[in-house]
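Welcome, and thank you for taking a look at this model with us. Please have the view open while you read.

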Amino acid sequence: MKLRNILPGTLLVFLFFSAALISYLWTPFDVALIDIKARFKSPDTINWLGTDHFGRDMLSMLMVGARTSIAVAIVAVGIGMLFGVPLGLTAAAKRGSWLDELIMRANDLVFAFPALLIAIMITAVYGPGAVNAIIAIGIFNIPVFARLSRGAALSIWKRDFIQAAKVSGKGAVRISSEHILPNITNLLIVQGTIQFSLGILAEAGLSFVGLGTQPPIPSWGRMLADSQTLIYTEPQLALYPGLAIVLTVLGLNLLGDGLRDWLDPRLRHDR
Amino acid sequence: MKSINIIPAAIAVLLLTSGAHAAKTDLVLGMQLEPPNLDPTGGAAAAIDEIVYANIFEGLTQFGADGSVNPALAESWEISEDGKRYTFTLQSGVKFHDGSAMDSEDVKFSLDRAGAEDSTNAQKQLFANIESVEVVDAQTVALNLKAADGNMLFNLAWGDAVIVAPETIGTAVTSPVGTGPFKFSNWVQGDQIVIEKNPDYWGEPVKLEKATFKFISEPTAAFAAIMAGDVDAFPVYPAPENLAQLEADPRFSVVLGSTEGETILSTNNKQAPLDDVRVRQAIAHAIDRSAIIDGAMFGYGTPIGSHFAPHNPAYVDLTAKSEYDPQKSKALLKEAGLEDGFTTTLKLPPPAYARRGGEIIASQLREVGINVEISNLEWAQWLEQVFKGKDYGLTIVSHTEPMDIGIYANPEYYFQYDNADFRALIENFNAESDPDKRMTLLKDAQTIIADDYVNGYLFQLAKTGVASSKLKGLWPNSPTQANDLTGVYWED
């Protein structure tokens with residue numbers, strides 16, 4: 001019963017990931033090609049989803065937009081894990097020490113800022129662009145993973161097999177990497193999926209206000225922003241990228257929920 | 001029973017009909033940008049003039065709706081034989097909004113202040129030719145010029161040349177005191193500015209009692225505001241894509257007019273490789289103007305081939321010099337040693353013509369091998385980086401000042417165009433008073449900058465005004481940066 005979320009979640013995520021991957025090799029049309037005469041075309045056999053206000057093929061735009069969103073979100077979550085997990089593990093290994101305090105209070109500091117505000121601040125200082133958006137979204141992922149891994153690691157440090165490892169002479173670094181990390185991987189994967197969907201939302205939000213991906217690279221957020229004033233005459237131009245964002249985020253959340261249920265050891269006996 | 005009910009019903013009918021007959025006397029006008037202050041003699045922003053010009057402040061002369069120069073605070077004038085002395089007779093009985101009288105001392109103060117060494121006036125060159133301002137008597141003032149100047153009456157009509165009082169100019173940035181038919185009432189920062197009828201106006205009284213300028217920068221919000229009736233008129237409606245829909249709606253009238261806005265692909269003439277005229281010509285031939293006008297402005301706009309308004313009598317159509325020809329463009333790049341193309345920056349301010357036009361131009365330039373990196377900037381950043389800092393390759397902006405071809409004679413201007421011949425020509429033009437010769441010089445000036453491909457000349461911005469169909473008297477065109485409300489009224 002608990003697994004019912006995984007299937008639709010996986011399907012949706014697979015759909016958008018494969019669209020993004022295919023777009024590296026092939027899109028129905030070149031998204032950089034502007035042809036004003038062909039704008040606002042209704043869906044037909046050539047342009048399956050019609051064309052936008054510049055005459056660009058909507059399907060191609062959505063495919064490349066998926067690539068932008070996913071690439072930004074992957075790297076941002078990667079940054080969060082790369083810095084957050086070691087910080088959290090260190091804090092757990094040195095629990096109670098000044099180092100633990102320093103790491104966790106610094107994380108609290110970052111966490112206290114609303115995520116989007118950090119992103120706006122960074123892009124305002126260093127200029128808008130995909131790279132700065134990635135860094136901005138990545139930074140607010142760090143405390144999420146640091147807190148999660150510290151909390152999870154603390155409970156594992158109390159377990160008997162850690163005592164055994166200690167007795168056999170393993171240091172804190174080896175225990176953290178050989179025993180703690182594998183035991184919290186499940187949690188990290190689930191959290192990663194959730195953060196991934198938040199990353200996609202953040203990228204769309206930043207691009208919507210003009211601070212994310214810059215033209216001519218298509219982005220779902222900017223497609224939404226561009227179609228704002230056309231919503232009364234050409235509502236489909238806002239509908240497609242809007243649906244793409246909703247479905248991707250929905251898919252990732254369903255997948256995350258499903259994975260949590262599947263991977264959580266405490267729920268294992270339910271199956 | 002029936003007879004009893006007639007009385008309240010009759011009263012109701014009476015109230016309703018009388019209400020309908022009394023025409024509205026207040027107006028809410030939508031504007032995209034809020035002015036940074038309200039002193040037209042100290043700030044450059046067009047939004048200042050769009051509120052205060054002709055409404056709060058008046059000059060010796062003033063632009064009419066057709067761009068003509070008309071008497072305003074100067075009732076009449078005489079020009080000496082040699083064209084170097086202008087004697088103005090002032091209107092009598094003119095009072096500032098604080099009750100003090102406007103006399104020739106105020107005129108002297110205003111013009112001396114605007115042209116002074118330390119003046120912050122945005123159009124200081126307008127006053128450069130004034131040698132001295134002489135108070136003859138309270139109602140008469142004379143300007144002594146350094147050289148005969150056919151532009152003087154035109155220059156004095158600018159919003160930057162309005163007459164202010166020495167006692168109140170210090171506070172003009174937040175509460176302007178002028179001589180106009182409206183007086184400043186209230187400013188809610190970030191939202192609106194209210195002006196009210198001046199009951200002591202010296203000229204013909206205005207029909208409106210009150211006017212509110214409401215600042216709405218988002219095109220979507222502008223559409224919602226006009227549809228909901230929160231705003232009665234948008235003299236320059238920001239989203240051309242909605243105009244067809246608004247035109248079809250009987251509640252609104254859409255008025256298409258001309259502006260003084262030459263929309264150009266401004267080019268940094270000092271930055272390599274754009275300092276090479278062949279490269280600039282290559283850019284000009286790579287641009288398809290009709291695609292930009294259609295794609296960015298939904299067809300509203302007139303193609304231009306130089307920095308000059310097509311409705312001006314001295315206009316020459318030079319669009320053929322930069323017709324769309326990608327092959328020629330590639331050949332020119334090869335000639336300049338750039339057959340593999342090059343990369344430059346394109347910094348875009350917020351208006352839709354720039355943002356959308358920029359994407360289209362980027363795509364067109366890519367076709368000939370020029371790679372542009374787009375960055376979208378807010379106005380403050382644009383002014384800082386591009387206009388003041390000259391740190392840009394290309395940018396798109398509309399120059400909305402009237403007859404501003406003279407900016408090409410200033411090598412310090414952000415295009416950094418430096419041509420001694422052009423400067424000499426503009427000097428001759430300023431000194432010339434014979435209309436035919438002036439016309440010829442203007443035509444030559446347009447041709448020189450078109451031949452030098454100083455900038456990419458795109459289109460003349462259309463004035464796409466949307467207003468309630470019962471509102472009459474708004475200017476159909478924008479001969480200067482202004483929303484002159486003196487003739488505006490509601491039809492019954």
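The report below goes through domains, a pocket, strands, unusual backbone spots and a cavity.

This is a predicted model, in which local features need pLDDT of at least 70, side-chain atom pairs count only at pLDDT 80 or more, and totals for chains, interfaces and linings use all residues. Residues are numbered from 1 along each chain as its sequence is written, chains are lettered from A and ligands numbered from 1 in the order in which they are written, and side-chain values use heavy atoms, with hydrogens and water left out.

## Two domains and the pocket between them

Let us begin with chain B, which is divided into domain 1 (24–251 + 469–492) and domain 2 (261–461); such bounds come from an automatic or database domain assignment. Taken over C-alpha atoms, the centres of domain 1 and domain 2 of chain B are 29 Å apart. Where the two meet, 16 residues of domain 1 of chain B are in contact with 17 residues of domain 2 of chain B, contact meaning heavy atoms within 4.5 Å.

Where does the second largest pocket lie? It lies between domain 1 and domain 2 of chain B, because both give residues to its lining. Here a pocket is an open set of points on a 1 Å grid over the protein atoms alone, with protein on both sides within 12 Å along at least five of seven lines, and lining residues have an atom within 4 Å of a point. The volume of the second largest pocket is about 690 Å³; a volume is the space filled by probe spheres set on the points, which are joined across faces, edges and corners.

Its lining has 34 residues, and those nearest the centre are B:Gly67, B:Phe154, B:Asn312, B:Pro313 and B:Met403. Helix 4 (152–156), strand 12 (252–267) and helix 13 (435–451) of chain B each supply at least two lining residues, and helix 13 of chain B gives the most, with 4 residues. Helices (H or I, at least four residues) and strands (E, at least two) are DSSP runs numbered from the N terminus. By class, the lining of this pocket divides into 19 nonpolar, 10 polar and 5 charged residues. In this scheme Ala, Val, Leu, Ile, Met, Phe, Trp, Tyr, Cys and Pro count as nonpolar, Asp, Glu, Lys and Arg as charged, and the others, Gly among them, as polar.

## A sheet and a hairpin in chain B

Now find the open sheet of 4 strands in chain B, with the order 4-5-7-6 and antiparallel pairing; two strands pair if DSSP finds at least two bridges between them. Strand 4 (74–79) and strand 6 (130–137) of chain B are the edge strands, each pairing on one side only. On average, neighbouring strands of this sheet are turned by 20 degrees against each other, direction ignored. Helix 3 (residues 104–115) of chain B packs on the sheet and touches strand 5, strand 6 and strand 7 of chain B, its direction making about 170 degrees with that of strand 6. Axes are lines fitted to C-alpha atoms, for helices over the stretch in contact, and angles run from 0 to 180 degrees between N-to-C directions.

Inside the sheet, strand 5 (residues 85–90) and strand 7 (residues 140–145) of chain B run antiparallel and are joined by 5 bridges. B:Thr89 stands opposite B:Thr140 of strand 7 of chain B.

Strand 8 (residues 182–188) and strand 9 (residues 192–197) of chain B also run antiparallel, with 6 bridges joining them. The bridge partner of B:Phe182 in strand 9 is B:Lys197. This hairpin has 3 residues between the strands, and B:Gly190 takes a positive phi near 80 degrees there.

## Unusual backbone spots

Most residues other than glycine have a negative phi, and most peptide bonds are trans. The table lists some departures.

| Place | Feature | Angle |
|---|---|---|
| A:Pro215 to A:Pro216 | cis peptide bond | omega near 10 degrees |
| B:Ala272 to B:Pro273 | cis peptide bond | omega near -5 degrees |
| A:Phe40 | positive phi | near 55 degrees |
| B:Gln416 | positive phi | about 60 degrees |

A:Pro216 is in the loop between helix 7 (172–208) and helix 8 (220–226) of chain A, while B:Pro273 lies in the loop between strand 12 and helix 7 (277–286) of chain B.

## A cavity in chain A

How many cavities of 30 Å³ or more does the structure hold? There are 6 of them, a cavity being a set of points where a 1.4 Å probe fits but cannot get out. The largest cavity has about 80 Å³ of space. Its lining residues include A:Asp52, A:His53 and A:Arg222, and helix 8 of chain A provides the largest share, 3 residues.
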